[in-house]
Amino acid sequence: MSDTPILNSPWQAAPQPQGVPVGTSAENGIAVEFSGKRGALFWLALKTGFFTILTLGFYRFWMKTRLRRWYWSAIRPGGHAMEYTGDPMEKLLGFFIAVVILTFYIGILNLLLMFISFSVFNSSVIGYLLSFAGVIPIWFYARYRARRYVLARTRWRGVRFGLEKGAWGFALRALWYWFLTIITAGILWPRMTFLLEKYKTDRTFFGSARLVQGGRWQMLYRAALPLLVSLLVMAGAAFWTLQVDPVFDGVEIDGEALANEIEELAAGDWSGFDLNRPERLLLLPLALAGILFGMIYYNWASKRMMANHKSANGIQFASALSGMRVTLIYVLGNFIAYLMLLLGIVALVFLAAALFSGGFTVFEEIPGAALMAGLPRWLSLVLLAGLYLSFFLLWGVLYNTFVTFPLMRHMARTTSLPVVVGLPLISQRARDEFAEAEGFAEALDLGAAI
Amino acid sequence: MSLGFDGLGAAYFDGDSPVAQNVSMHIAAGILQIGLDDGVILRWPVEEVRQLPDSAGGDVVTLRRTTDPLARLCVTDQNLLKHLPERHRAAPPKGRGRLAAWAIAAVAAVGVQIFVLVPLLADNLAGFIPPAGERALGEATFGQIREAMDETGLNPLQICEGPEGRAALEALVQRLNPDSEMRHDISLSVLDHDMVNAFALPGGFVVLFRGLIEAAEGPDELASVLAHEIGHVVSRDPTRHALRSAGSIGILGLLFGDFAGGAAVLFLTERLISAQYSQAAETAADEFAHRMLAQAGINPGALGDMFATMREEGGDANGVIAHLLSHPALDARIKAAHAQVDAGAVYTPSMSKADWAAVQAICN
C-alpha cells in the first residue's frame, strides 16, 4: 500500500493485529443484495449501444466495460458492492493481439481446408465442418482466458479475485469430456458439467484464499430429471402416435393426396381427413417445450447444486436459485426482446418497399410516400442501414434490461455466504497483468454474454 | 475551517484485507481526513480523490485516491461529493504507444493476409484442384451468388430458360469454341437481373445478366463478352478468386464479429460478381477474346463496342460498374479491340436476327 498513514494524533493507539471477530455478523454469515434500478440500466445500455453504432462497433469495448461496472456495483455481498476494474483500452489492445494471431490461423487454414475439401471430396461441406472443428479448441481456450480476465478485474472490499493459468488444460479436458458425453449419448453430461466447473473453481482465488469445489458429479443427475422426463415423454409420444396406434391411418400420405384432402377440407368436407384422434399430436409440441425447459433447468439447477458445494477456508457459499424462475426470466425476456426485433424487421421491410418500389399502390395514399420514393438511392440506403442497426441496438438493450438484469438480480439475491469467519484471514493477491485481456473471446464472438 | 461528514454506513478498505473499517470523515484545508477506529488518520488531498464511474444504486459512492490503486472509501453522505472538485476526472491515458503498435500490427497482419498471403496461396493452389473439384467449387459459388442477389429473400435468383434463346446461346458457344481442349465444357447461364454485367466461375461456368443482353447493341457485342469470360475460364482466374475469398471470409468475419458478419459475406459476394481481376488478367482475357472472335469470323472490334456501350449506359449502371467504366484503362482496351479489326477480313454476325431476338426474349 502506497498510502502511509500519518501518525500525528497524540491519543493514537498502537496498531493492533486484527483477530477474527467473535459473535459479530461474521458468524451469522452474509447475504447478497442487489441494488440497481432497471431504468438506469436501460439508459446506460441505450446510450452505450448508440455510441457503438456511431463508432462502427469500436465503442463496444467501452460499452461492455461500463455495463459490467454497473452490474458489478449493483451486486453487494454483505452490503459492499463488487467492483469491476477492467479497462476498455486493454480490451481494445487484447482484440488487436487476438486479430494478429488469429488471422493467420483462420485465414490460411480456411483456404487450405477449402482447397482440400474441393480437391478430395468435391464439396464444401467437409471444409466447413473441418474449419468449424478447428475453431472449437480455441473456443474453449478463449472462454477460460476470458473468465481469467474478468476475475482478475473483479474486486470485493478492495481485494482482487483471480484465476490461475490453465486455458489449454481446460480446452483439452473440455474436448475429452464432450467426446465422452457424445459417445455415451449424454449419460455422462453431468460428469462433464461437474468436472469442468471443478477445474475452474479449484483455480479460482479471492485474495489469498483458494476456492474448492466439493460434491460429486452424480449429484447433478437430479437437476437433469425434468429434461429426462421430457425426453421420455417425447419418445413415448412419438412411438404412440406414429407406431403403436398411428394418427395417419397407415395409408402413406404423398403430396398429391395431402393436397386433395386440403382441398376437400376447404370445401367443408372432413371425411377425407380421416385421422385417428389427431389431438394426440399436441403431445409433441408439449414435450418439446418440456425439453427446452429441462435444458434451462438443468443448466441453472446444476449451477445451484455446485454453488452449494463451493467453499474456501472458513467461507461457504449457499444458493437458493430457482430453476423455474430462471426459465420464466428467459422465456419472458427473450419474448420481449425478440418481439421488438420482429416488429422492427416488419417496419423495415415496409419502409424498404416504400423507398425502392417507387411507391406501391398500397402506399400511395400514405402521405409522404411519394416524397420517400423520391429520395436519392444512397440516402435511402443510409436510412435503412441506420434503422437496421437501431433495431439490433434496441434488441440488445431490451435483452440487457429484461434478461441479463433480472437474471443477475435473481442470482445475487439467492446467493449467500452462511460462513464467513475466514474473511479476516484473507489478504490481497498480486495483479494479473494479462495483456491480451479477453481478445480471443471477443474476436471469436464469444463476448456476447456479460 | 473543518467540515465533518456522516460516517454512518461508510467503510474504508485498505486494499489488503476484505474487512470493513469504520471511518469518520473531515475536510480541512483541502485535505480529506479519514479517521479509522485504530486512531490512524489518512489524508487524501481533495483534488486526488476520484469517484468510481457507472455505479448502480447511487446510495453508496465509492471513492479512491489517484496514488493508491487499491484502497477504497465507500461513503453514503452525498454532501461530501460537493467538496471533491476532480472526482469525475478520468485517469491519464497510459500504454497508448503499445496500443498503437498492436493496432498497426493488426492492420498489417490483416493487410498482409488479404493482399499478399491469401492471393499467393490461392494462385498456387488453383493449379492443383482436379477438374471435378473445380466444378463443385463453381457450383457452390454459383448457388451462393444466386441466393445473395435475390431481393425477395425467398428463392434464389431465377435462371432464364427460354428454350430458343438457350439453343442460340449454345450454338454461339459452339461457334466460338469449336474444338474444345479445355478442362471444362462451358456452362452458360442467364440470370434474371437487370445488372449490366457478366462473370465467370470456377469449373467453366459463365453467367450473363439479363441487363447485359438488354444493353448490348447487337449479337456481336454479346459474343465478345462471352469470349472475354471464356478467356477468364481458360486462365482459371475465377478459381483463384474463389479460393481467395474462402480465405478472406474467415478474416472479415473475425474482424467485424456479430456487428456486421453478414455484411462481410455480402461484400465478398459483390466482389466475386464484379470480379476485379488484376489488370494483367483482364488484358489477357481481352487478347484471348480477340483471337477467339477472329477465329470464329466475328468482328473482334465488337468487344470495344461493348465497352463503349457500357460506358454510355454507365449513367444507370450501379456504382461499382460506374467506377470500373470510368477507369482510364478502358480507353486503352477499346482501342486495343478496334486495332484488331482486319480491314481485309469478312466478318459475319455472331448469330441470325431470329436467334438474337430469341436471346433477347430468353427471360420472358
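Strands here are DSSP E runs of at least two residues and helices are H or I runs of at least four, numbered from the N terminus; two strands pair if DSSP finds at least two bridges between them. This is a predicted model, where local features need pLDDT of at least 70, side-chain atom pairs count only at pLDDT 80 or more, and totals for chains, interfaces and linings use all residues. Residues count from 1 along each chain as its sequence is written, chains are lettered from A and ligands numbered from 1 in the order written, and side-chain values use heavy atoms, leaving out hydrogens and water.

**View 1. Strands β3, β4 and β5 of chain B.** Here β3 (residues 23-28) runs antiparallel to β4(B), joined by six bridges. I27(B) has L32(B) as its bridge partner in β4(B). Two residues link this hairpin, and A29(B) in the turn has a positive phi of about 55°. On to β5 (residues 41-45), which pairs antiparallel with β4(B) over five bridges. That hairpin has four residues between its strands, with G39(B) at a positive phi near 95°.

**View 2. The open sheet of chain A.** Six strands line up as β2-β1-β11-β10-β9-β8, with antiparallel pairing. The edges are β2 (75-77) and β8 (212-213), each pairing on one side only. Between β1 (residues 30-34) and β2(A) there are three bridges, and F34(A) stands opposite I75(A).

**View 3. How sure is the model of chain A?** pLDDT is the predictor's confidence in each residue, from 0 to 100. Its mean for chain A is 81, with 79% of residues reaching 70 or more. Helix α7 (residues 189-201) has the highest mean among the chain's elements, 96, and helix α12 (residues 369-373) the lowest, 51.
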